[in-house]
Protein chains: 2
Amino acid sequence: MNTQLRLKQRPTGRASASDFDRTAEARSSPGPGEVLVKVLYLSIDPTNRVWMSDVPQYMPPVAIGDVMRGAGLGEVLESNAPGFASGDLVFGLVGWQEYALMRPGGPFPLTRLPRQTSLPPQAFLGVCGPSGVTAYYGIVDICAPKPGETVVVTGAAGSVGSVAGQLAKFQGARAVGIAGGPEKCRLLVEEFGFDAAVDYKSPEWRQQLKAAVPRGVDALFENVGGPIMHAVFGRMNVGGRVALCGLINAYNGDGTTQGDFGALLGRRLHVHGFNIIDYEKQWPAAMEKLVRWVLEGRLRSRDTVVHGLERAPEALNMLFDGRNVGKLVVRVAGEAQGEG
Amino acid sequence: MNTQLRLKQRPTGRASASDFDRTAEARSSPGPGEVLVKVLYLSIDPTNRVWMSDVPQYMPPVAIGDVMRGAGLGEVLESNAPGFASGDLVFGLVGWQEYALMRPGGPFPLTRLPRQTSLPPQAFLGVCGPSGVTAYYGIVDICAPKPGETVVVTGAAGSVGSVAGQLAKFQGARAVGIAGGPEKCRLLVEEFGFDAAVDYKSPEWRQQLKAAVPRGVDALFENVGGPIMHAVFGRMNVGGRVALCGLINAYNGDGTTQGDFGALLGRRLHVHGFNIIDYEKQWPAAMEKLVRWVLEGRLRSRDTVVHGLERAPEALNMLFDGRNVGKLVVRVAGEAQGEG
């Protein structure tokens with residue numbers, strides 16, 4: 001049998017387990033051109049919440065009654081598609097279910113992953129997967145810091161932000177991270193090597209930000225939006241770059257996606273909204289570098305693992321509450337036979 | 001004597017004559033390194049209103065009691081600065097006064113202009129001056145349309161917008177202008193060669209916009225902000241470019257500079273706030289092209305001339321009411337001796 005979480009109703013505010021029907025159906029065999037994947041880990045991302053809402057977005061929202069859309073990691077059980085064989089470790093939009101019938105192609109296309117004995121498989125959802133590749137293009141292509149410039153990263157303790165800060169350091173920049181709570185701020189500096197951290201839960205966060213960027217801000221890697229983004233805009237230098245990666249502040253419908261275009265004009269900022277689905281062809285080269293840096297011990301990461309498919313909605317709320325550090329995944333099934 | 005308009009108080013909402021003191025002082029002679037300029041025409045620009053307010057902006061606001069800052073065109077009467085001689089036609093931040101003591105350098109630096117017998121001198125404030133150069137860089141460098149792409153220009157009947165639309169056409173793009181009222185819309189199509197015009201004063205302006213951009217919007221030259229900008233964002237294609245030139249909707253304090261970053265993210269837009277003060281070195285090359293195109297009859301322009309220094313505050317309000325077509329100037333003094 002294949003257990004699935006299907007979207008029952010569109011959440012208002014936070015998603016909860018009651019927004020989903022837990023269904024079970026017989027496991028199908030793959031048709032022509034299809035691949036049957038056993039789901040090992042689900043990637044829990046802010047975009048999951050966006051996909052539940054009927055708002056303009058980069059992919060259609062999930063239809064009521066459909067299996068919830070989600071990226072994940074799995075093992076190929078049977079393949080009728082060229083390029084995929086039983087036992088392959090794969091990444092793709094597997095959905096919130098135990099088994100997925102996949103057809104290669106589309107956004108987040110089904111991708112074979114290397115069997116890296118030195119890496120936990122979930123690394124390919126985080127630091128060596130979409131999160132790492134997102135951080136790579138945001139920092140290298142958009143923020144493009146020169147040595148000595150200051151890069152601010154919001155959502156800095158998350159899976160994208162923690163990598164973004166480290167990559168900014170690799171470019172010779174000063175990296176300042178904004179995260180919630182003293183424990184995450186300590187981690188930013190001590191574990192991930194940021195030059196300074198700003199705790200947005202502290203009443204003095206604006207003063208902390210001011211003190212952390214004495215020469216202003218040359219580039220911003222933005223994951224959050226709202227008042228934090230606004231405060232950083234107020235410290236940006238003329239001609240600064242903004243890699244607009246996410247607006248997690250707004251995804252539950254209790255925040256806003258509004259921001260100050262007056263700052264963009266007055267400071268002549270360059271803002272690039274981006275999404276890794278536009279960078280598909282550059283993935284392999286970026287992944288190769290990220291894997292190498294992790295294996296060399298240069299690039300660090302943390303994961304937060306939640307156990308059990310049925311806990312996916314709860315895990316998603318952990319993201320919005322900031323209860324994760326680094327990549328947040330749901331472990332659906334025991335590890336693949338060929339692993340480790 | 002030198003009659004001057006000095007800022008008496010910061011306007012709330014619209015500026016009015018009562019926000020200024022009209023003063024007269026003896027005309028000074030230029031000190032070492034200075035140039036004495038007789039002001040012929042003032043350039044009336046949205047930025048004049050911004051300079052009156054104590055808000056964050058790209059130059060310091062005008063201090064209370066100071067002569068109002070403003071760009072303009074004048075004739076050199078006496079020069080103690082190298083590169084300038086009596087009789088030269090010059091452009092610079094002359095201020096709202098009859099005579100200006102100028103020191104070369106700074107933003108909008110004092111610049112010698114060619115004596116073009118075939119062009120009225122105010123062309124160097126509009127189509128062949130800052131307005132034209134602004135349009136040139138916004139279209140050529142930022143919007144960078146490919147042939148067949150669609151470019152929308154807001155504030156399209158203004159001095160910058162009317163040139164921007166024509167330059168978009170020169171690049172092979174489809175140009176759609178947004179302006180207020182049927183007369184301006186007619187002018188956009190019949191005089192300036194836009195492919196379509198949208199009248200934002202019409203109750204059906206959203207439907208007009210939809211009909212005017214059947215293949216979506218690839219680039220936006222933005223002068224206005226507010227609901228019009230928001231509506232265009234809603235029709236932009238993935239990866240579209242926005243040349244953010246102005247937010248006239250907000251400059252009187254009765255609008256907002258807020259805009260939707262959700263659209264920037266979802267559609268992966270590239271927004272570049274820009275200001276010609278960053279393009280100083282590229283001015284001469286752009287001006288040369290603009291002058292050539294005007295003399296060839298390819299590039300068209302209109303001017304609105306208001307007579308009398310004391311009417312500068314009133315002229316500024318004409319901008320915000322949309323009562324001008326093309327470049328709005330105030331004629332301060334009779335024409336220069338060497339002109340025509």
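The radius of gyration is taken here over C-alpha atoms, and the globule rule is 2.2 Å times the number of residues to the power 0.38. By that rule, a compact globule of 340 residues would have a radius of gyration near 20 Å, and chain A of this predicted model agrees, with 20 Å. Along its principal axes, the C-alpha trace of chain A spans about 60 × 45 × 35 Å. The secondary structure of this chain comes to nine helices and 16 strands.

Chain A is assigned two domains: domain 1 takes in 2-115 + 302-331, and domain 2 takes in 130-277. Their C-alpha centres lie 28 Å apart. Where the two domains of chain A touch, 16 residues of domain 1 are in contact with 16 residues of domain 2. On the domain 1 side, helix α1 (residues 46-51) of chain A gives the largest share, with three residues. By class, the residues on this side of domain 1 divide into eight nonpolar, five polar and three charged.

A sheet built from strands of both chains comes next. Twelve strands form this open sheet, in the order β10(A)-β9(A)-β8(A)-β11(A)-β12(A)-β14(A)-β14(B)-β12(B)-β11(B)-β8(B)-β9(B)-β10(B), and the pairing is mixed. The edges are held by β10 (196-199) of chain A and β10 (196-199) of chain B; each has a single partner strand, so one side of each is left without a neighbour in the sheet. On average, neighbouring strands are turned by 15° against each other, direction ignored. Within the sheet, strand β12 (residues 236-244) of chain A pairs with strand β14 (residues 270-273) of chain A in the parallel sense, over four bridges. In this pair, A:Val242 stands opposite A:Val271 of β14(A). A helix also packs on the sheet: α4 (residues 182-190) of chain B touches β9 (174-179) and β10 of chain B, and the direction of α4 makes about 165° with that of β10(B).

Helix-to-helix packing can be followed in chain A as well. The axes of helix α2 (residues 130-143) and helix α8 (residues 283-295) of chain A come within 9 Å and cross at roughly 100°. Since angles of 65 to 115 degrees count as roughly perpendicular, α2(A) and α8(A) are therefore roughly perpendicular to each other. From α2(A), the contact is made by A:Gly132, A:Val133, A:Tyr136 and A:Tyr137, which meet A:Trp283, A:Ala286, A:Met287 and A:Leu290 of α8(A). Sorted by class, this contact has seven nonpolar residues, one polar residue and no charged residues.

Terms used: Residues numbered from 1 in each chain as written. Chains lettered and ligands numbered in written order. Predicted model: local features only at pLDDT ≥ 70, side-chain atom pairs only at ≥ 80, totals over all residues. Pairing = 2+ DSSP bridges. Helix = DSSP H or I, 4+ residues; strand = E, 2+ residues; numbered from the N terminus. Axes fitted to C-alpha atoms, helices over the stretch in contact; angles between N-to-C directions. Contact = placed C-beta atoms within 7 Å. Parallel < 35°, antiparallel > 145°, perpendicular 65-115°, else oblique. Nonpolar A, V, L, I, M, F, W, Y, C, P; charged D, E, K, R; others polar. Domains from an automatic or database assignment.
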